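Visitor: Could you take me on a close look at one part of this model, the sheet that holds the main nonpolar core? I would like to see how its strands fit together and what lies around them.

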Amino acid sequence: MTFSNFNSIIKSLNMKTQLIIAILLLQLSTQAQSFTEQLGLGFTGLNNPKAVWFDYNNDNHLDLIIQGQAINGSTIGVTKLYKNNGNNSFTEQTSIGFANLARGNITCGDYNNDGNIDVLMFGLDSSGMAVTKLYKNNGNNSFTEIPNLGIHQLSYGAVAWGDYDLDIFASGQSSSGSYISKLKLKRQTKT
Ligand SMILES: [Ca+2]
Ligand SMILES: [Ca+2]
């Protein structure tokens with residue numbers, strides 16, 4: 001049956017039948033969508049992982065930053081940034097010295113509104129202490145840690161950006177075991 005024949009048959013049906021056929025075709029189209037596992041990309045296997053897509057080098061290819069535990073049950077953390085090469089491959093950016101953190105979280109956003117997406121993360125460092133770190137994206141494949149954030153050092157929990165004025169919401173566990181939720185606005189902090 002040609003497309004023109006099919007079209008003629010459809011036009012000869014009443015409106016209700018046309019609608020039912022349209023819904024069935026839409027369902028078939030939706031069911032036909034699927035995902036295919038991409039093998040051999042070389043991502044590190046992690047326990048309790050966090051992963052965030054963001055385009056750190058503004059080439060319109062989403063890159064991937066991941067964090068987690070290298071060994072199940074330990075606090076040995078791993079943080080890795082993979083650049084999307086745009087050809088179904090990724091390259092780990094080993095020259096970018098993010099802190100290796102475990103049991104934490106990551107969020108990415110342009111906190112200083114310069115067009116380069118920055119990275120905020122927290123978690124347990126190699127000594128098991130909770131730390132919170134902000135890395136400014138310099139726009140040249142490098143990041144600079146911004147010291148003295150004035151927000152709590154946390155692990156576990158969640159962290160999220162507000163707007164470009166560096167509003168931050170962070171919720172997690174301190175090294176002393178306390179649970180903390182803070183909204184840090186520019187020049188003020190609310191619990
Ligand atoms: Ca990119
Ligand atoms: Ca920025």
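**A close look at the second sheet**

Guide: Of the 191 residues of the chain, 24% count as buried. Please keep in mind that this is a predicted model.

Let me place your sheet in the chain. The chain has two helices and 12 strands, and from the N terminus on the elements run α-α-β-β-β-β-β-β-β-β-β-β-β-β. Among contacts between residues at least 6 apart in sequence, 37% join residues at least 24 apart.

The sheet you ask about is an open one of four strands, in the order β5-β6-β7-β8, with antiparallel pairing. β5 and β8 (143–146) stand at the edges with a single partner strand each, so one side of each is left without a neighbour in the sheet. On average, neighbouring strands of this sheet are turned by 25° against each other, direction ignored. As a general reminder, strands of a sheet pair through backbone hydrogen bonds, either parallel or antiparallel.

Let's start at the β5 edge. Strand β5 covers residues 102–109 and is mostly covered, with six of its eight residues buried. Its pairing with strand β6 (residues 118–124) is antiparallel and runs over six bridges. You can find one point of this pairing at A102, which stands opposite L124 in β6.

T107 is also found in strand β5. T107 has 19 other C-beta atoms within 10 Å, and because a residue needs 20 or more to be buried, T107 counts as partly exposed. Across the sequence, T107 and L120 are 13 residues apart, while in space their C-alpha atoms are 5.4 Å apart.

Moving on to the core, we come to β6 again. The largest nonpolar core has 20 residues, and V119, M121 and F122 touch the most other members. β5, β6, β7 (130–137) and β10 (168–173) each supply at least two residues of this core. β6 gives the most, with five residues. In soluble globular proteins, nonpolar side chains tend to be buried together.

F122 is a good residue to click on if you want to see these surroundings. Leaving aside its neighbours within four places in sequence, F122 is in contact with L101, G104 and N105, with A130, V131 and T132, and also with L154, S155, V159, A170 and G172.

On the other side of the sheet order, β7 and β8 pair in the antiparallel sense over four bridges. Here K136 stands opposite T144 in β8.

A loop residue is worth a stop too. G177 has its place in the loop between β10 and β11 (179–185). With 7 other C-beta atoms within 10 Å, G177 is exposed, because the limit for that class is 12 or fewer. The C-alpha atoms of G177 and A130 are separated by 9.8 Å, although the two residues are 47 residues apart along the chain.

For context, let me also show you the other four-stranded sheet. This open sheet has the order β1-β2-β3-β4, and its pairing is antiparallel. β1 (47–54) and β4 (90–92) are at its edges with a single partner strand each, so one side of each has no neighbour in the sheet. The twist averages 25° from one strand to the next.

Within this sheet, strand β2 (residues 63–69) pairs with strand β3 (residues 77–84) in the antiparallel sense over six bridges. Two places to look along this pairing are Q67, whose bridge partner in β3 is T79, and I66, which stands opposite K80 in β3.

From β3 the path continues to β4, and three bridges join these antiparallel strands. Y82 stands opposite E92 in β4. The two strands form a hairpin with five residues between them, and G86 in the turn has a positive phi of about 80°.

To return to your question, the part to keep in view is the sheet with the order β5-β6-β7-β8, in which β6 gives five residues to the largest nonpolar core.

Note on methods
Residues are numbered from 1 along each chain as its sequence is written. Chains are lettered from A and ligands numbered from 1 in the order in which they are written. This is a predicted model: local features need pLDDT of at least 70, side-chain atom pairs count only at pLDDT 80 or more; totals for chains, interfaces and linings use all residues. Two strands pair if DSSP finds at least two bridges between them. Axes are lines fitted to C-alpha atoms, for helices over the stretch in contact, and angles run from 0 to 180 degrees between N-to-C directions. Two residues are in contact if their C-beta atoms, placed from the backbone, lie within 7 Å. A nonpolar core is a set of buried Ala, Val, Leu, Ile, Met, Phe, Trp, Tyr and Cys residues joined through C-beta atoms within 7 Å.
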